[in-house]
Amino acid sequence: MTRLTETDIIDVVDYLKKLDDELKTACNASFKNIVMRASGIDETSFKSLKTSVVPITSGLGIIGGFSHAVCEILKYIGADAYVCDSTDVDGIYNSIKEGHCFFSADDNRFTAYNPLNGRISDNGDATGRGFAAALELAANGIKDKTVLVAGAGPVGISAAKYLHKAGAEIILFDIDKEKLQNSEYRTCTSLGDEKYSYVIEATTSSKVITEKNLTDTAVVSAPGMPLGLEKKLAQRLKSEGRLIHNPLELGTAVMYTDLLLKQEF
Ligand code: PYL
């Protein structure tokens with residue numbers, strides 16, 4: 001998992017408004033509708049819950065602006081969110097004592113928990129579903145369509161699972177063949193000459209997808225950090241409303257709607 005930097009998450013409120021407009025163009029759906037679709041809920045089950053974001057100081061420590069950015073993303077979709085004024089286990093303890101949901105991230109795991117129903121959500125899994133739902137909407141339905149999923153890590157696998165369930169044919173690509181072992185999908189360790197119209201780019205490399213991998217109408221939904229497309233290609237796709245990419249927003253918001261799902265216990 002790539003560790004975000006402060007520049008990835010500055011001016012998050014302005015960024016969210018721009019992102020919402022981009023998603024309405026690319027997916028014909030708002031940010032919040034994509035998020036709810038990824039969790040499988042609708043407006044009738046949406047609730048504004050008290051939600052704390054707990055800064056975690058372990059390992060490489062606090063990322064400046066990270067807790068604030070998570071809080072603003074949650075408020076943007078309607079959660080009653082705040083940054084906890086205590087950190088680490090003390091912050092988690094105070095959140096649970098108040099009966100509040102809480103979000104916390106160390107160097108290896110970003111998770112959300114709802115003490116009212118026991119629901120838990122992991123950022124990698126939620127991010128994969130968020131970008132998959134966006135691609136499904138951008139494609140006007142993904143049934144019987146072929147999707148290249150680049151990156152067989154937690155995000156790519158989660159996206160592949162969502163899209164396969166929605167009827168897509170998955171081609172799972174990773175340079176590490178160990179990650180492809182026992183996969184239920186068609187797999188490859190190199191991209192070859194095939195051109196794809198639908199792509200999930202979920203790698204940590206910066207140049208995975210090039211022009212030669214894409215058809216003229218291709219849509220790329222890219223949770224990967226850094227973005228795995230050549231700069232010029234990314235700029236062209238974005239200007240034509242065929243690139244979905246954001247460093248933290250979609251995955252964090254899906255983590256929240258995951259917490260609203262029915263009783264876990
Ligand atoms: C959750 C993000 C998405 C991509 N990479 C992940 C990352 O940067 N993880 C590290 C998060 C550290 C947060 C720090 C804090 O400010 O609470 N412990």
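Which polar backbone atom lies 3.5 Å from a nitrogen atom of the ligand? In this predicted model, the atom in question belongs to G61, and it makes a polar contact with the ligand, a term that stands for a pair of N or O atoms within 3.5 Å, where, within protein, one atom must be able to donate a hydrogen and the other to accept it, and residues adjacent in sequence count only if both atoms are side-chain atoms. Residues are numbered from 1 along each chain as its sequence is written, and side-chain values use heavy atoms, with hydrogens and water left out. Because the model is predicted, local features need pLDDT of at least 70 and side-chain atom pairs count only at pLDDT 80 or more, whereas totals for chains, interfaces and linings use all residues.

Two further backbone atoms approach the ligand. A nitrogen atom of the ligand lies 2.8 Å from a backbone N or O atom of I56, and a nitrogen atom of the ligand is likewise found 2.7 Å from a backbone N or O atom of A105. Of the 470 Å² of accessible area that the ligand has on its own, the protein covers 96%, with areas obtained by the Shrake-Rupley method with a 1.4 Å probe and, for residues, only the protein chains shown counting as cover. There are 13 residues around the ligand, of which T2, L4, I56, I63 and A105 come nearest; a residue is taken as near if one of its heavy atoms lies within 4 Å. The shell divides into 9 nonpolar, 2 polar and 2 charged residues, where Ala, Val, Leu, Ile, Met, Phe, Trp, Tyr, Cys and Pro count as nonpolar, Asp, Glu, Lys and Arg as charged, and the others, Gly among them, as polar.

The strands and helices described next are DSSP runs, numbered from the N terminus, with at least four residues (H or I) for a helix and at least two (E) for a strand. Strand β6, residues 146-150, has 4 of its 5 residues buried, so it is largely enclosed by the rest of the structure; buried means under 20% relative accessible area, exposed over 50%, and partly exposed in between, for a 1.4 Å probe and protein chains only. Two strands pair if DSSP finds at least two bridges between them, and β6 is joined in parallel to strand β7 (residues 169-173) by 5 bridges and in parallel to strand β9 (residues 196-201) by 3 bridges. Residue L148 takes part in both pairings, with I171 as its bridge partner in β7 and V199 as its bridge partner in β9. Together with helix α6 (residues 154-165), the strands β6 and β7 make a right-handed β-α-β unit, right-handed in the sense that, with the strands pointing away from the viewer, the path from the first strand over the helix to the second runs clockwise.

Strand β9 is also largely enclosed by the rest of the structure, because 5 of its 6 residues are buried. In β9, E201 stands opposite A150, while I200 has S221 in β10 as its bridge partner. In total, 4 bridges join β9 to β10, and these two strands run parallel.

Helix α3 (residues 66-76) is mostly covered, with 8 of its 11 residues buried, namely F66, S67, A69, V70, C71, E72, I73 and L74. The helix is followed by G78, whose phi is positive, near 110 degrees.

Several loops hold backbone features of note. N28, in the loop between α1 (12-27) and α2 (31-39), has a positive phi of about 55 degrees although it is not a glycine, and N28 is exposed, with a relative accessible area of 71%. In the loop between β7 and β8 (186-188), N182 has a positive phi of about 60 degrees, again without being a glycine, and it counts as exposed at 80% relative accessibility. The loop between β7 and β8 also holds K179, which counts as partly exposed at 45% relative accessibility. A cis peptide bond, with omega about 0 degrees, joins M225 and P226, and P226 has its place in the loop between β10 (214-222) and α7 (231-239). Finally, E211 lies in the loop between β9 and β10 and is partly exposed, with a relative accessible area of 42%.
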